[in-house]
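Student: Before we discuss this model, I should like each term justified by its criterion. May we begin once the structure is displayed?

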Amino acid sequence: MTVASILKQKPDRLISVKDSDSLADVAAILTRENIGAVPVLAGSGEMVGIVSERDIVRQIAREGAGVLGRTVSTLMTTSVVCCSPEDSVASTMALMTQRRFRHLPVRSNGRIIGMISIGDVVKRRVEDAEREAESLRDYIVRG
Ligand code: AMP
């Protein structure tokens, strides 16, 4: 199973923010869209970073709620790790576990075409395991 099969089941739109947006705007978008992270895109559409709810919560804990007035550029992670639609779901799970983040932008032909989360990956792996168990049961019952 590949990352492309996860993207097929998700709405075909990319939620993103600009580096000049405020962290308050980002917190509102994460809440409204019920997501945990967004890619940060420049005017050209190029990805320049990623910002997650963890970044915002940690910064508030360090400095107080005043940080919400700051821009995304002051907090985003700029070295973003991406995956491709052809990558296996298992490899993205290993990558997220090793690197300790829960989100991966999906890049194809130099463009970000979607985002997958650890939740998407776990859901897909559980569905695959259930399907496999069912085929094995069928195989045993039918002989
Ligand atoms: P997360 O677990 O995804 O909420 O993110 C934890 C930390 O990793 C935050 O500092 C994020 O900005 C950062 N992060 C999340 N996803 C990625 C990614 N794909 N590449 C690089 N950093 C990331």
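Tutor: Helices (H or I, at least four residues) and strands (E, at least two) are DSSP runs, numbered from the N terminus. The model is predicted, so local features need pLDDT of at least 70 and side-chain atom pairs pLDDT 80 or more, whereas totals for chains, interfaces and linings use all residues. Residues are numbered from 1 along each chain as its sequence is written, and side-chain values use heavy atoms, without hydrogens and water.

Student: Which element gives the most to the shell around the ligand?

Tutor: Strand β3 does, with 3 residues. The chain has 5 helices and 4 strands, in the order α-α-β-β-α-α-β-β-α from the N terminus.

Student: What makes a residue near the ligand?

Tutor: One of its heavy atoms must lie within 4 Å of the molecule. There are 13 residues around the ligand, and Ser-52, Asp-55, Thr-77, Arg-102 and His-103 come nearest.

Student: Why is the pair between Asp-55 and the ligand called a polar contact?

Tutor: A polar contact is a pair of N or O atoms within 3.5 Å; within protein, one must be able to donate a hydrogen and the other to accept it, and residues adjacent in sequence count only if both atoms are side-chain atoms. An N or O atom in the side chain of Asp-55 is 2.4 Å from an oxygen atom of the ligand, so the pair meets the 3.5 Å limit. For His-103 the distance from a side-chain N or O atom to a ligand oxygen is 2.6 Å, and for a polar side-chain atom of Thr-77 it is 2.7 Å.

Student: Which elements give two or more residues to the shell around the ligand?

Tutor: They are β2 (47-52), α3 (53-63) and β3 (103-108).
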